[in-house]
Structure formats: structure tokens, C-alpha cells
Amino acid sequence: MNQQHTAKSSRAVAVEILLGTMDEGKSLTVLMDQWLEAIPDNEKAFVSALCYGAVRWYTRLNGCLGQLLSKPLKPKDRDLHMLLVCGLYQLGYMQKPTHAVINETVNICRELNKDWATKLVNGVLRNYLRRKQELSDWADQRLTTKYGFPGWLVKSLTQAYPDSVDKVLDSLNQQAPMTLRVNQMQQSREEYAQQLSEGGIASTPTQLAPQGLTLATPCDVHQLPGFFDSGLCSVQDEAAQLAAILLDLKPGQRVLDACSAPGGKTAAILEQCPELASVTAVDLEADRQQRTRETLSRLHLEAKVVVADTGDLSAWWDNQPFDRILLDAPCSATGVIRRHPDIKHLRRQSDIAQLSTIQFRLLSTLWKTLAPGGRILYATCSILPQENTHIIERFIRETPDARSLPLVLDGSHDAPAGQIQLLPEPRGHDGFFYALLEKTTG
Ligand SMILES: C[S@@+](CC[C@H](N)C(=O)[O-])C[C@H]1O[C@@H](n2cnc3c(N)ncnc32)[C@H](O)[C@@H]1O
């Protein structure tokens with residue numbers, strides 16, 4: 001934290017964070033971490049809710065702001081623009097007294113050394129309150145402003161889900177629950193739910209994942225019994241928990257987790273089948289692999305953790321084939337937008353074609369490391385067919401010794417038989433895709 005950080009009020013910090021995400025393309029999570037110390041403890045939750053909310057609804061708020069301003073603000077006044085977006089979010093979505101929101105937002109003009117703008121900011125916010133219903137009706141006329149999504153993503157999702165696009169967009173704006181994976185090497189899910197309940201934490205069993213518990217209210221991991229000292233549970237979305245189950249692991253198998261960091265699924269694999277011959281966890285990012293090591297150490301689990309490009313076999317493979325491979329491929333993360341609303345703005349349409357090239361390349365390369373009769377589980381947290389069904393269909397077409405194995409789960413959506421496309425469920429799992437391929441022996 002530097003001097004500049006310490007001097008700012010919480011709302012001015014929010015302006016900085018919005019500028020960083022919307023104009024400089026920085027991750028909201030990273031910015032929140034960087035600015036955290038600058039925010040007084042009693043305002044941290046407010047600033048976080050304000051930043052996440054304003055980014056989630058930016059396209060809608062920005063559209064409304066365009067209706068309220070007689071002409072756009074100059075590029076040098078992007079800070080005022082973000083201040084107004086923050087003001088509109090507070091007036092439209094937060095339960096705060098309106099006069100306090102207006103006064104405090106106007107005061108930030110002075111902190112930004114833009115006293116001249118106090119009248120403008122005051123006028124825009126008051127006008128918003130007067131015209132709230134009219135502006136809301138205006139924004140609801142287009143899916144982009146109705147749900148706060150960029151045009152290219154609305155178009156892609158409309159193509160993918162023509163009959164349910166409203167539901168999909170709406171689900172991507174909902175608050176995601178906090179879900180735990182109970183460490184079955186230590187306790188049953190029922191036993192851990194009982195421990196949580198004794199600590200005043202209410203939970204319900206997940207529908208699809210046998211080790212999952214969804215908390216009634218998210219909490220700090222420090223409050224979870226045995227999280228740090230005994231590794232009794234991990235935080236992991238229900239859809240992500242399914243990877244270790246769908247892999248159909250057997251004792252004695254050699255397993256590769258091909259894009260492993262920060263290690264959530266590596267740990268789930270080891271908990272699911274402790275008698276595996278070996279688990280190799282490869283990831284490109286050294287920092288993220290450090291988190292894999294920490295996760296495994298917290299849970300008292302062991303794997304061979306490697307930092308390398310999975311697609312460069314000479315860098316890491318010992319030529320011993322694997323019986324099971326998880327390829328949790330780098331993707332658009334469109335299935336987890338509700339947790340990371342900045343994805344709406346940080347992703348570009350051109351990323352999708354680039355990502356699908358990488359996904360296909362990784363799948364094709366890893367196929368060489370799979371033993372005959374072995375299986376590879378292809379997974380993404382994307383809900384775009386270009387990264388999912390299209391990859392698998394092309395791979396099956398071009399690979400004579402690959403066959404798709406049926407995967408069936410209740411609640412999957414619009415994917416060909418054998419593949420699973422999960423869409424985000426309110427109070428349930430994230431959006432996720434799975435396909436299981438087997439290398440034929442004949
Ligand atoms: C979806 S995340 C993996 C999440 C992880 N499986 C888990 O459950 O915790 C995708 C990962 O792929 C990694 N990655 C991207 N390209 C890679 C490559 N060529 N080789 C290895 N890892 C790669 C990224 O660093 C990122 O950690």
C-alpha cells in the first residue's frame with residue numbers, strides 16, 4: 001500500500017478500481033486485493049459490493065448515464081464518469097438513503113480536485129432519481145442494457161440458447177452460493193454438516209455432487225471447522241466437484257491433471273481415490289502452482305506438481321502413459337460470470353477463437369500421453385459451444401481411436417448425448433462443460 005492509497009476515501013477507491021477494470025482491463029479480484037488495506041474495515045464490505053455491483057451492471061448503468069448527460073464527459077474526466085456510475089449503482093441497487101448517496105458522491109468531486117463538477121454530479125444523480133422508471137423501461141428494451149452484457153456475448157449466447165437466453169443472462173447476474181467439498185478421507189458429508197450446524201453454519205447437501213454442501217450464507221473460511229488444521233473441507237463449486245467423479249478413478253491408475261492450478265480438482269481427485277499409483281499436476285503459471293502446493297499441503301495430500309506448458313510434452317512427460325487425464329482447459333470462464341462479473345468486459349469476441357485453438361491443441365497433444373483404453377475428461381467453465389461441443393465433435397471426427405463415452409446428469413442442457421453442459425443454477429452450481437473420451441484398443 002502506498003501513500004496515494006492511504007489518502008483516499010472509500011468511494012474514491014471504488015472509482016480507482018472501476019477505472020482499473022473498465023479502462024485498463026485489470027482483474028477486479030486483483031484490484032480489490034491491492035486496494036484492500038486502503039479501505040477501513042467497516043467499509044470493506046460496502047466497497048466490495050459497490051465495485052462488484054457496478055461492474056456487473058456497468059453496461060446498463062452506462063446506458064442510463066448516456067441518457068442523462070447532454071454530452072459524454074471528456075476522456076480526461078473518466079474518473080467523474082466512474083464516480084457517476086458508482087452513484088447510479090448506489091441509487092439503483094443499494095439500500096442507502098438517497099440524500100446521503102448524493103452528498104457523499106458530490107463530495108468526491110472535491111477529492112478528485114474537480115470542484116467544478118459538483119453541480120453536474122448533483123444534477124445527474126437527482127435527475128436519475130426523478131427518471132428512474134423511465135430509464136429502467138428504456139434499458140429493458142435491449143438484452144445488452146437489460147442484463148448488462150456486451151453485444152457480442154449476448155449474440156453468442158442467443159445463438160447457443162435461443163429459447164432460454166433471458167434465463168441464462170439472468171442466471172449469470174445472480175449471487176453465487178458458497179459450496180464446500182467435504183474431505184471424504186476424513187468425514188462423511190452428514191458428519192461435517194452436523195459440525196457446521198453446531199458452529200451455527202447452516203448448509204444443505206448438493207444435488208449432483210455427493211460430497212458437496214451449499215452454505216445458507218457465505219462465510220470466511222476461518223469460521224469453517226477444521227479447514228486449516230485438519231483439511232476437513234475445501235471451497236469448490238458443485239459443478240467443479242463433478243470432475244473427480246466423472247473420471248471414474250480406479251486404484252493403481254496413473255493420473256494427469258493437465259491444467260491444474262490452483263489445485264482444486266487435483267485435491268478432489270486424490271480425495272476421491274487415495275490408492276492411485278500417481279497424480280501429476282501440470283500448469284503453466286508458477287504462482288498459481290504454488291497455490292496448488294499449498295492446497296495439497298493443507299489437505300495432507302501428495303502429487304507431482306510441475307510448472308510447464310502441458311502442450312510441450314518434451315518439457316515434462318516421462319513417456320509413461322496415463323490411464324486418466326483431466327484437461328480442465330483454459331477458457332472464456334463465461335460459466336462463472338456471476339462470481340467474476342469483470343469477465344463480461346475483459347473478454348473480447350476474438351478471444352473465443354484463440355481459446356478454442358488452444359483447447360484443441362492441448363486435447364490433441366495430451367491424447368498422445370493417454371494409454372490405450374484410458375480416458376480423458378475434457379472440462380471448461382465456459383457455456384459457449386465453440387469451446388465445448390465444437391471442440392469435441394471436431395476431435396472425434398479427426399481422431400480414429402477416440403470414442404465419446406456417455407455422461408448423464410440431471411439438469412444438463414442442450415449438449416449432444418454423452419456430453420454435459422451445465423448452466424448456472426440460482427443457489428446451485430456454476431456453468432460447466434464435461435465430455436469423456438476413451439482411447440480405443442483395437
Ligand atoms: C480453469 S483453470 C484450472 C483450474 C484447476 N483445474 C482447478 O480446479 O483448480 C485453467 C488453468 O490452465 C492453465 N494453463 C493455461 N494454458 C496452459 C498450458 N499451455 N499448459 C499448462 N497449463 C495451462 C492456467 O494457468 C490455469 O491455471
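Is Tyr58 buried or exposed? Let me start there, and keep in mind throughout that this is a predicted model.

Tyr58 belongs to helix H5, and with a relative accessible area of 7% this tyrosine is buried. So who is around Tyr58? If you skip the neighbours within four places in sequence, Tyr58 is in contact with Met22, Arg78, His81, Met82, Val85 and His345. For a long-range reference, take Lys368, which is 310 residues away along the chain: its C-alpha atom is 45 Å from that of Tyr58.

Okay, staying with H5 for a minute. H5 covers residues 58–68 and packs against H9, residues 132–139, at an angle of about 120 degrees, and the two axes are 10 Å apart. With that angle, H5 and H9 are therefore oblique to each other. The handedness of this crossing is right-handed. On the H5 side the contact uses Arg60, Gly63, Cys64, Gln67 and Leu68, and on the H9 side Leu135, Ser136, Trp138 and Ala139. Sorted by class, that contact of H5 with H9 comes out as five nonpolar, three polar and one charged residues.

Next pair: H2 and H4. H2 is residues 10–23, H4 is residues 41–56, and their axes come within 10 Å while crossing at roughly 35 degrees. Here too the crossing, H2 past H4, is right-handed. The H2 residues doing the work are Ser10, Arg11, Ala14, Ile17, Leu18, Thr21 and Met22, and they face Glu43, Phe46, Val47, Leu50, Cys51, Ala54 and Val55 of H4. By class, the contact of H2 with H4 has 10 nonpolar residues, plus two polar and two charged. You may remember Met22 from earlier, since it is also one of the contacts of Tyr58.

While we're in that region, a quick word on Val30, which sits in helix H3, residues 28–35. Val30 has a relative accessible area of 44%, so we call it partly exposed. Its C-alpha is 9.7 Å from that of Ile17, and those two are 13 residues apart along the chain. Ile17, again, is one of the H2 residues in the contact with H4.

Third helix pair, further down the chain. H15 is residues 264–272 and H16 is residues 286–298; they pack at about 30 degrees with axes 9 Å apart. That angle makes H15 roughly parallel to H16. This crossing is right-handed as well. The residues that meet are Thr266, Ala267 and Leu270 from H15, and Thr292, Thr295 and Leu296 from H16. The class split for H15 with H16 is three nonpolar, three polar and no charged.

Now, cysteines. How many disulfides does a search of the whole structure find? Zero. Take Cys86: it is in no disulfide, and the nearest cysteine sulfur, in Cys51, is 6.2 Å away. Cys86 is buried, at 3% relative accessible area. Then there's Cys381, whose closest cysteine sulfur is the one in Cys331, at 3.6 Å. That is too far for a bond, because the cut-off for a disulfide is 2.5 Å between the sulfurs. Cys381 is buried too, with a relative accessible area of 18%.

On to the loops. Thr206 is in the loop between strand S2 (203–205) and strand S3 (212–215). Loop or not, Thr206 counts as buried, with 5% relative accessibility. Apart from neighbours within four places in sequence, Thr206 is in contact with Thr179, Arg189, Gly212, Leu213, Thr214 and Glu238. Its C-alpha is separated by 9.8 Å from that of Asp237, 31 residues apart along the chain.

Last, some backbone geometry to look at on screen. Ala261 and Pro262 are joined by a cis peptide bond, with omega about 5 degrees. Pro262 is in the loop between strand S5 (254–257) and H15.

And where are the positive phi values? His300 has one of about 60 degrees, although it is not a glycine. His300 lies in the loop between H16 and strand S7 (304–307), and at 55% relative accessibility this histidine counts as exposed. Asn319 also has a positive phi, near 70 degrees. Asn319 is in the loop between helix H17 (313–316) and strand S8 (322–328), and it is exposed, with a relative accessible area of 56%.

That's my tour, thanks.

Technical notes: Residues numbered from 1 in each chain as written. Predicted model: local features only at pLDDT ≥ 70, side-chain atom pairs only at ≥ 80, totals over all residues. Heavy atoms only, no water. Buried < 20%, exposed > 50% of the residue type's maximum accessible area, 1.4 Å probe, protein only. Axes fitted to C-alpha atoms, helices over the stretch in contact; angles between N-to-C directions. Helix = DSSP H or I, 4+ residues; strand = E, 2+ residues; numbered from the N terminus. Parallel < 35°, antiparallel > 145°, perpendicular 65-115°, else oblique. Left-handed = near helix turned anticlockwise from the far one by under 90°. Contact = heavy atoms within 4.5 Å. Nonpolar A, V, L, I, M, F, W, Y, C, P; charged D, E, K, R; others polar.
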